[in-house]
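Subject: Structure handover

Hello,

Here is the structure for your files. My notes on what was found follow beneath it.

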Amino acid sequence: MNDPAAEEPTEAEAPVCPRHPDRVAYVRCQRCGRPACPECQRPAAVGVQCVDCVREAKRTAPRVRTVFGGAADSAAASGRPMVTLTIIGICAVSWLLQLVTSGAWTQMLWFWPWGGAVEPWRFLTASFLHSTSPLHILFNMYALWITGQFLEPLLGRLRFTVLCLLSAVGGSVGVLLLAGDPFTSDAWVTPVVGASGMVFGLFGAMLPVMRRLGRSMGQVLVLLAINGAIGFYVPNISWQAHLGGLVTGALVATAYAYAPKDRRAAVAWAVPVVGIALLAGLAVARYSSVGVL
């Protein structure tokens, strides 16, 4: 006669989680059917799935892209423009360093045409500096936030980063090209700081992006006109940097917006290479024309 107690399932026979064999798990993954402990369970449309199935589904799922080729990942979709926030953070830290170093940090990174000839990194670094007035950095960072949170998810982080950096350099190149005669114009020895070239590059990028999306550009044009006029009527503002950044940003965004679908990846890599080559070529040509190089 069989012993009833011997027929009862023992703890060793109970289903256990494959990832945590010491844990009994009676809930099974709806995809693979394996037991999953509470730590390994992930909510699904029906029931739960294990972490391994969720990871595999994410790996094999087709990447969703925007019309501009940017990866519409969860970070972009959640409204956290990481590149925009990073640039704002760098500018904020840099501004504090300008204050605590009594201008030494500013002098090390600001741009002026003569200085750019021997220290070319100044073409970029000046965009992360601002005047000591809080209004300057607050206005630029607000404009960067407004345009960045719109453009970054559409373009993707890589394209948006390229847009920002090329626009920043384009603003400094604009200052160089429009500085006038190097022996009579004060523009050649006047330091320039600020992210305005980058910001105007984003303003310029809004135009082809909005046109590609079929949206009205009225508000963008009004905003651009108002900010552009400020550079001409308010003293100590470099309209040359605004113009250089604007043109650069518009050209970069046009290349991204109208790239053929099957060539978007190639265009994404070609734009920074061609952009750097063109901006460097313009700077070298300008310096050569005045006998600096």
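A cavity here is a set of points, on a 1 Å grid over the protein atoms alone, where a 1.4 Å probe fits but cannot get out. Grid points are joined across faces, edges and corners, and a volume is the space filled by probe spheres set on the points.

This is a predicted model, in which local features need pLDDT of at least 70 and side-chain atom pairs pLDDT 80 or more, while totals for chains, interfaces and linings use all residues. Residues are numbered from 1 along each chain as its sequence is written, and side-chain values use heavy atoms, with hydrogens and water left out.

By these terms there is 1 cavity of 30 Å³ or more, and the volume of the largest is about 40 Å³. Its lining (residues with an atom within 4 Å of a point) consists of C17, P18, R19, R34, P35, A36, C40, C50, V51 and D52.

As for the overall form, the C-alpha atoms of the protein chain fill a box of roughly 115 × 45 × 35 Å along the principal axes. The radius of gyration, taken over C-alpha atoms, is 27 Å, whereas a compact globule of 293 residues would have one near 19 Å. The globule rule is 2.2 Å times the number of residues to the power 0.38.

Of the 293 residues, 41% are buried, meaning under 20% relative accessible area with a 1.4 Å probe, protein chains only. Among contacts (heavy atoms within 4.5 Å) with a separation of 6 or more, 65% are between residues 24 or more positions apart.

Regards

How values were computed. 1 Å grid on protein atoms, 1.4 Å probe; cavity = no way out; pocket = protein on both sides within 12 Å on 5 of 7 lines; lining within 4 Å. Buried < 20%, exposed > 50% of the residue type's maximum accessible area, 1.4 Å probe, protein only.
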